[in-house]
Amino acid sequence: MNKAPDTDGFGDVMVVGGGISGIQAALDLATAGFKVFLVEKSPTIGGKMAQLDKTFPTNDCSMCIESPKFIECDRHPNIEILTYTEVERVEGRAGDFRVTLAKKPRYVLQDRCSGCTTCVSYCPVPVPDPFNQKLSSNKAVHIYFAQAIPLVPYIDENCLYLKEGKCRICEAVCQKDAIDFNQVPERVEVRVGAVVLCPGYDAFDPGPRNDYGYGKFPNVVTSLDFERLLCATGPHEGEILRPSDGRHPHRIAWIHCVGSRQVTPGGHGYCSSVCCTYIQKQVILTKDHDDEAQCTIFHNDIRSYGKDFERFYQRAEKLPGIRFVRSYVSVGREIPETRNVTIRYATDDRGVQEEEFDLVVLGVGLSPPKDARRLADLFGLELDEHGFCRTDPTNAMRTTRPGVLVSGAFQGPMDIPESVITASGAGSLVGELLDRRRGRLARERVYPPERDVSQEEPRVGVYVCHCGANIGRIVDVPSTVEYALGLPNVVHAEESLFICSTEAAQRLATSIKEKGLNRVVVAACTPRTHEPLFRDTLREAGINQYYFDMANIREHCSWVHSREKEAATRKAQDIIRMSVARACHLESLQEFRLPVDKRALVVGGGLSGMTAALSIARQGHEVWLVEKEPELGGMARRLHTTLEGLDVQAYLQDVVRQVYRNPSVHVLTGAAILETAGYVGNFATRVRAQGREVEIRHGATVIAVGADEYRPTEYRYGEDPRVLTQLELEGKLAADDPQLADVRSVVMIQCVGCRQEDRNYCARLCCGQAVKNALQLKRRNPATDVYVLFRDMRTYGFREDYYREAADRHVRFVRWEPEDRPEVEPATEEGRPVLRVSVPDPILGQRLALDADLVVLSAAVVPAATSQDVSRQFKVATGPDGFFQEAHVKLRPVDFAADGVFLCGTAHYPKHIAEAVSQAYGAAGRAVTLLSQDTVVASGSICRVEERDCVACGACIQACTYGAIEFHDTARGRKARVNAVLCKGDGLCNTKCPTGAIALLHYTDEELLSQIDAAAAEPARAT
Amino acid sequence: MSAELEFRPKMLGIVCNWCCYGGADLCGVSRFQYPPFIRLVRVMCSGRVDLAHILRAFANGMDAVFVGGCHINDCHYVTEGNYDAIAMVEVCRELLRRIGLRPERLRLEWVSAGEGIRFAGIMNEYAAQVQKLGPLGQAEGEGLDQAELRLRLEAATRLVPFARLALTGRLRPGVRTEEAYRRFFAGEEFRRLFDELVGDRLAVSRILLLLRERPRSTAELAARLGWSASEVSRHVKSSSKQGLVRFDVARGCYSLAGG
């Protein structure tokens, strides 16, 4: 909120939709040097992710991981956020779009409002709270949610004044005169070169069909309703209370596939991809809330196809009081006395039953956004048969309209990481299109020179924030200011209603200069969100940003001790005393800038690696593409078609040709990486290729080393030539191999080599691959008998259509359990040598024998043989299954924790071609946000060795697995030395050094001990 | 009024920025209430928390110290400093036990940034536990006056460099799993190593501090320390060999070698 809005309307990119995908696209593009308009139709950015309680499979708090990105967008000098705004007209073409936007009136002036919410408390009109799925009420004037950006209320259509022309209480109580009922809808025209559409999805609405009594029985809720019930900021502050009577439900049922995998009218034929796992998350969280809860999950296939999903499923399944029941269920009834709901279901062993539940949660699927049609018409693009955006089969970010890209769930059902990946991918494609404009409109901030205060006595200024009433109602702020003035070295103290407001920040900067302050303590909220803002203010005022400390008297005081005002006031004073003590010891630290080498290295020349290399090269960077095999292409060389019918070989040849034709891409095949060193922006890698060694210098690295096919040892593979893997069958189908000529019967076996103890994950793509090959066999000869022996068919997303098609074409699907696996024996049937496959039939209770001419194994995808070497060389981690580990499973899916190294393709986890390509563009986009910078900034809070005290014991070196500390020779012998660039500032070495020679700057012993001493000291007398 | 009579302990928390501090923030955001006894110090990693910080807090009269980090395998850093926090806290608790303080006065917990409710739960429970223990030195089994407390904490503080060396050397498990750490610090081997690397030095350190006041006989030392005469004798003999103390034959007393 501290930047002046640009109203000239000239920009580079418009991002439509401010959910997590739009936020990521905007941040990537703005950082990569483009001016971005982020347009959101609701009153705040955040989207659906903001409504979720936790995110699977890590159960991170959804809002806590998303909201820092809100602030990042808000502060970014190259992002202009337009909320409560819709697109009205689009003209022009790629490179030059003119877009007319309509801003709805909020009736609250954004630049005046301080977010104090006094208007909300006085508003007499209660309305169902849309953020809480209308399960609780809010006011006609309200802030959408506490972390909203902008943090400004809006007045909705329920307002008495807007409806009937009376009331205006809010106007009277607002001290800032921020209410303005004269606001009218405003039209804004913006000019941009490209558009990224990220409108997301809408949760399937079971209302119109009254699915399972939804809308009729109060105790039937959707899974999104349940997210809010689980959430601490939800309608009952995190207590799960059922709607009919506000009691705690103990018997809770979840119903899978509501609105998904249905070809009945009103439903969706596709699989929504995310519901299986979010239901497991809800079950786990329900048990966290109430360990007595009895949870029953009525499911079809369990589709745990994502990274770590299989373990997550096992975790849910193993909890006490949990039942997973594989059954379709039918409409229940409501028991009038209790308002409990019954569900009818059937199991193999017990037949049809009816059971009563206190609460029923519908696992609703993902529908196309409600305004999909309107958006498609506005932007002149096509929708697919499911109503999502039609995309290019080889590039899921491309719509049918050049210059208009799509990311997130408007492509089709997907979860958060894919929404982030495709956002970065769309960013890369925009970069390809608009590379020449990069940096022209982007702004960089200029700060005044820093005053050297290191020789001065500390002169501390203390600013105590009321935070509206949040602090001031509990903590006695005026007496706390008085108290602060009595502390040693404090020369100035004052109170502020909202220290974070634009106005207060300016006053703070002025008073630093006027009072000659050289240390600043802000007593307000948490440094985790607000420290960067105030550090920035110090820079504006011309003093080093590390002379700042924050006393958290809100989250750690007024909010948690609201019933003990006096004790809270004393505690606030203690916290401030500690902060002031620390501030006096703070040192000026320099963040240093490191130059960025503009070249990139891509390790792995499969489809992912080539795609990433090309996209980076098209944005003006030289790329080295290193492949260990003599030929480019990787696993794709063995693939011929996709489920959707793509000619993979033609596509692959085209990509290889583009790689060789691009003068900026340098290909090294038959290459081995010998060694790599350096850090973000400055890597050096030695490669041996075709007998010679080269040293490559590069600023970014993309790891795209792919994965391997598992070599089965099961089911007579390798013993009997009639047992093949799916890839081998695919090759034979493409080559019209004579072995297939007389094949009358084929049995496919799923989950070979995975979903078992030693490989406890799902290889994700085998179900689709089996359906693909089964359909191919049926197309060759409809009389061929094809059986697929499966555990759960995991044809997630639109792949479900092909699964249904296969069933329609009489491919027979037979389910087996891991306790009772299929067996394969050679046999002779009527003189024909066959492979007899037996599999238990749960309905008949005996084994089914299938005679096959071919047995095809859906062999797992396993980590590439080289992945451990690559992991060591590039200092990047692999996960428990041996695949590479991204920095954050949800929000940094293509970054490694190591700065400057990115990840894509099956090296990350098994995935289909289109998914790998999306991720490759994502990695390219992330790499270019780095490479488009001239420098990277490294934190000033790193370790420093006092050589005089160093005894060269090496304890610090042993502790630092970043390899940031080395010995070097000095006139006084061997001493440890910190490589400032590699040091990440954890300070572990400090606790190992027997002589205290090494210190983490900004967290030195002196600074910490001064705080610890101040914590204990009896409060000094205020003067 | 009973509220005034109620013991309001002083508690210090040292918590990591990425997880536990975030959990404390979320606790506030969620308005979960807990007693206003604790003051928090923020560090970047729980592995930055040092023995010296904790002993200083106790020397300043804190009744309890809380260390909060990320759950195992969730450390923000590849160095996985939370393992170092376990080892440091276990060694510190053993030190506290050896100087006659209740080890419960130091507590280590993992709280993720998403676990506001867990932070509140721990704060409530720990505050109640420390209230029950009473002021530092006055819990059941402690019974130390201020002077004795100060002396003992000083003895422990002098050991910090040795304990640090032990922590980087043998006083830690070879494998970095939570299970291995739990087993190691609960096991006999840990106690044996602690004695060898830290415990004996602590005993010597305590004897030296008593001798700093004035020369004392073995019997006097044994009575003051509550140890057996043979144990005291073992330590003064080894200290004598190292030239730290000398025996005054005439008076039958030990005194500091330099004094």
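# Close-up views of chains A and B

**View 1. A:Thr55 is buried, with 24 other C-beta atoms within 10 Å.** Before going further: this is a predicted model. A:Thr55 sits in strand β3 of chain A. Since 20 or more such neighbours make a residue buried, the count of 24 puts A:Thr55 in that class. Which residues does A:Thr55 touch, not counting those up to four places away in sequence? They are A:Asp60, A:Ser62, A:Ile416 and A:Lys890. A:Tyr546 makes a good distance marker here: 491 residues separate A:Thr55 from A:Tyr546 in sequence, and their C-alpha atoms are 34 Å apart in space.

**View 2. Two peptide bonds in chain A that lead into a proline are cis: A:Phe56 to A:Pro57 and A:Ile149 to A:Pro150.** As background, most peptide bonds are trans. For the bond joining A:Phe56 and A:Pro57, omega is about -10°. Look for A:Pro57 in the loop between β3 (54-55) and β4 of chain A. At the bond from A:Ile149 to A:Pro150, omega is near 0°. A:Pro150 also belongs to a loop, the one between β10 (141-142) and β11 (154-155) of chain A.

**View 3. Helix α10 (residues 416-434) of chain A holds A:Thr422.** Is A:Thr422 buried or exposed? It's buried, because 32 other C-beta atoms lie within 10 Å. Setting aside neighbours within four places in sequence, A:Thr422 has contacts that include A:Ser21, A:Ala396, A:Met397 and A:Ser407. Also among them are A:Gly408, A:Gln411, A:Ser918 and A:Gly922. Take A:Met397 from that set: its C-alpha atom is 6.7 Å from that of A:Thr422, with their positions 25 residues apart along the chain. Now zoom out to the helix itself. α10(A) is mostly covered, with 19 of its 19 residues buried. How does the span of α10(A) agree with its 19 residues? At 1.5 Å a residue the helix should span 27 Å, and its end C-alpha atoms are 27 Å apart, so the two agree.

**View 4. A:Asn489 and A:Ala952 each have a positive phi without being glycine.** Most residues other than glycine have a negative phi. For A:Asn489, phi is near 70°, and for A:Ala952 it is near 55°. You'll find A:Asn489 in the loop between α11 (477-485) and β26 (490-496) of chain A. A:Ala952 is in the loop between β49 (943-945) and α23 of chain A. A:Asn489 counts as partly exposed, because it has 14 C-beta neighbours inside 10 Å. A:Ala952 is partly exposed too, with 15 other C-beta atoms within 10 Å.

**View 5. Strand β2 (residues 38-43) of chain B is mostly covered.** How many of the six residues of β2(B) are buried? Six of six. Both faces are covered, with B:Ile38, B:Leu40 and B:Arg42 on one side and B:Arg39, B:Val41 and B:Val43 on the other. Strand β1 (residues 11-16) of chain B runs parallel to β2(B), and six bridges join the two. One pairing to pick out is B:Cys16 with its bridge partner B:Val43 in β2(B). To get from β1(B) to β2(B), the chain passes through helix α2 (residues 20-29) of chain B, making a right-handed β-α-β crossover.

**View 6. Chain B splits into domain 1 (2-149) and domain 2 (152-256).** Their centres, taken over C-alpha atoms, are 26 Å apart. In the contact between them, 21 residues of domain 1 of chain B meet 18 residues of domain 2 of chain B. On the domain 1 side, the elements giving two or more residues are α3 (51-59), α4 (81-98) and α6 (146-158) of chain B. α4(B) gives the most, with nine residues. By class, that side of domain 1 has 15 nonpolar, one polar and five charged residues.

**View 7. Chain A and chain B meet through 48 residues from chain A and 46 residues from chain B.** Several elements of chain A supply at least two residues each to this side, including β4 (60-61), α15 (565-585) and α23 (955-959). Which element of chain A brings the largest share? That's α24(A), with eight residues. The side of chain A that touches chain B has 23 nonpolar, eleven polar and 14 charged residues.

How values were computed
Residues numbered from 1 in each chain as written. Chains lettered and ligands numbered in written order. Predicted model: local features only at pLDDT ≥ 70, side-chain atom pairs only at ≥ 80, totals over all residues. Buried ≥ 20, exposed ≤ 12 C-beta atoms within 10 Å, placed from the backbone. Helix = DSSP H or I, 4+ residues; strand = E, 2+ residues; numbered from the N terminus. Pairing = 2+ DSSP bridges. Right-handed = clockwise from strand over helix to strand, strands pointing away. Contact = placed C-beta atoms within 7 Å. Nonpolar A, V, L, I, M, F, W, Y, C, P; charged D, E, K, R; others polar. Expected span 1.5 Å × (residues − 1). Domains from an automatic or database assignment.
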